[in-house]
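Welcome! Below are some short exercises, each with a worked solution, to help you find your way around a new structure. Keep the view open as you read.

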Amino acid sequence: MITPKAEFSLIQLIPNMLTIAGLCAGLSAIRFGVHGDYTLAAQFILAACVLDGLDGRLARLLNSDSDLGAELDSLADFVNFGVAAPLVVYFWALQDMRSAGWISVLIFAVCCAMRLARFNISSRADDDGPNNHFVGVPSPFGALLVMLPMFISFAFADTPLLPAVVISANMILVGLLMISKIPTWSFKNLRISRENVKFFLLGFAIFGAAVLTYAWVTLVVLCLGYIGMVLWHLFSKSPTHPDKET
């Protein structure tokens with residue numbers, strides 16, 4: 001008896017299509033970084049972050065989760081956030097440091113790989129309880145924090161470029177934060193009460209307008225706000241929960 005082949009609707013494949021699009025964005029960022037177009041390279045990394053935030057949630061919404069999609073998403077995250085982001089920063093400001101700058105790239109990439117490997121292991125655990133925290137800094141936010149010196153340079157063109165040693169140290173520090181046990185806030189299970197929906201939508205509109213009008217300044221503020229949140233969790237007694245990144 002011949003078993004009929006499984007068929008998928010195009011809608012069910014959209015999450016994987018978004019993952020592949022994000023992977024292409026990350027690879028394109030490397031290309032433009034090599035050619036010195038750092039603004040466009042940073043924009044491609046940001047596009048990869050947005051697509052990474054959409055694919056997993058859309059897969060759950062469409063009930064199209066799969067082992068292939070999970071592995072593809074993890075591999076794309078490593079390329080986009082563990083390789084492309086530090087390479088763009090390296091091409092932008094660390095080439096004069098030579099070996100020292102490259103070592104910081106390697107440390108960050110290895111930390112990102114370990115971060116994603118830990119996530120893959122924990123995601124296979126049978127745990128259906130609520131998850132309000134990540135363990136360590138998630139890789140997309142790690143990429144944004146590594147690129148924070150670039151955002152500052154783009155936002156404030158008259159500001160002197162940070163010393164290369166500071167940019168390199170920031171890359172290493174963020175890498176260590178990714179593999180740390182620090183609990184960081186997860187927005188996955190965030191719930192908004194009916195009374196506060198209007199304020200949330202208003203805030204989202206203001207944030208969207210700020211991104212469209214003052215993109216780099218908004219990203220600087222976003223990164224600094226996230227750093228403040230990490231420090232708050234570091235010095236608070238918030239419980240940690242199993243790590244689920246998407």
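**Exercise 1.** At what angle do helix α3 and helix α7 pack, and how far apart are their axes?

*Solution.* Before starting, note that this is a predicted model, in which local features need pLDDT of at least 70, side-chain atom pairs count only at pLDDT 80 or more, and totals for chains, interfaces and linings use all residues. Residues are numbered from 1 along each chain as its sequence is written, and side-chain values use heavy atoms, with hydrogens and water left out.

Step 1: find α3 at residues 67-94 and α7 at residues 164-178. Helices are DSSP runs of H or I with at least four residues, strands are runs of E with at least two, and both are numbered from the N terminus.
Step 2: read off the angle, about 170 degrees, and the separation of the axes, 10 Å. Axes here are lines fitted to C-alpha atoms, for helices over the stretch in contact, with angles from 0 to 180 degrees between N-to-C directions.
Step 3: classify the pair. Angles under 35 degrees count as roughly parallel, over 145 as roughly antiparallel, 65 to 115 as roughly perpendicular and the rest as oblique. α3 and α7 are therefore roughly antiparallel to each other.
Step 4: add the hand, which is left-handed for α3 and α7 (the near helix is turned anticlockwise from the far one by less than a right angle; clockwise would be right-handed).

**Exercise 2.** Is S168 buried or exposed?

*Solution.* Step 1: locate S168 in helix α7.
Step 2: recall the classes: buried is under 20% relative accessible area, exposed is over 50%, and partly exposed is in between (1.4 Å probe, protein chains only).
Step 3: S168 has a relative accessible area of 5%, so this residue is buried.
Step 4: look across to Y90, which is 78 residues away along the chain; the C-alpha atoms of S168 and Y90 are separated by 8.6 Å.

**Exercise 3.** Describe how α1 and α2 cross, then place L27.

*Solution.* Step 1: the axes of α1 and helix α2 (residues 38-61) come within 8 Å and cross at roughly 165 degrees.
Step 2: α1 and α2 are therefore roughly antiparallel to each other, and their crossing is left-handed.
Step 3: L27 belongs to helix α1, residues 10-34. With 46% relative accessibility, L27 is partly exposed.
Step 4: the C-alpha atoms of L27 and N80 are 7.1 Å apart, although their positions lie 53 residues apart along the chain.

**Exercise 4.** Why is helix α5 described as largely enclosed?

*Solution.* Step 1: α5 covers residues 139-146, and seven of its eight residues are buried, so the rest of the structure largely encloses this helix.
Step 2: name the buried ones: S139, P140, G142, A143, L144, L145 and V146.
Step 3: compare directions with helix α9 (residues 215-235); the axes of α5 and α9 come within 10 Å and cross at roughly 120 degrees. That makes α5 oblique to α9, and the crossing is left-handed.
Step 4: step back to the loop between β1 (133-135) and α5, where G136 is found. G136 is buried, at 0% relative accessible area. Its C-alpha atom is separated by 5.2 Å from that of K181, 45 residues apart along the chain.

**Exercise 5.** How many helices and strands does the protein have, and in what order do they run?

*Solution.* Step 1: count nine helices and two strands.
Step 2: follow the elements from the N terminus: α-α-α-α-β-α-α-α-β-α-α.
Step 3: finish with burial; 40% of the 246 residues count as buried.
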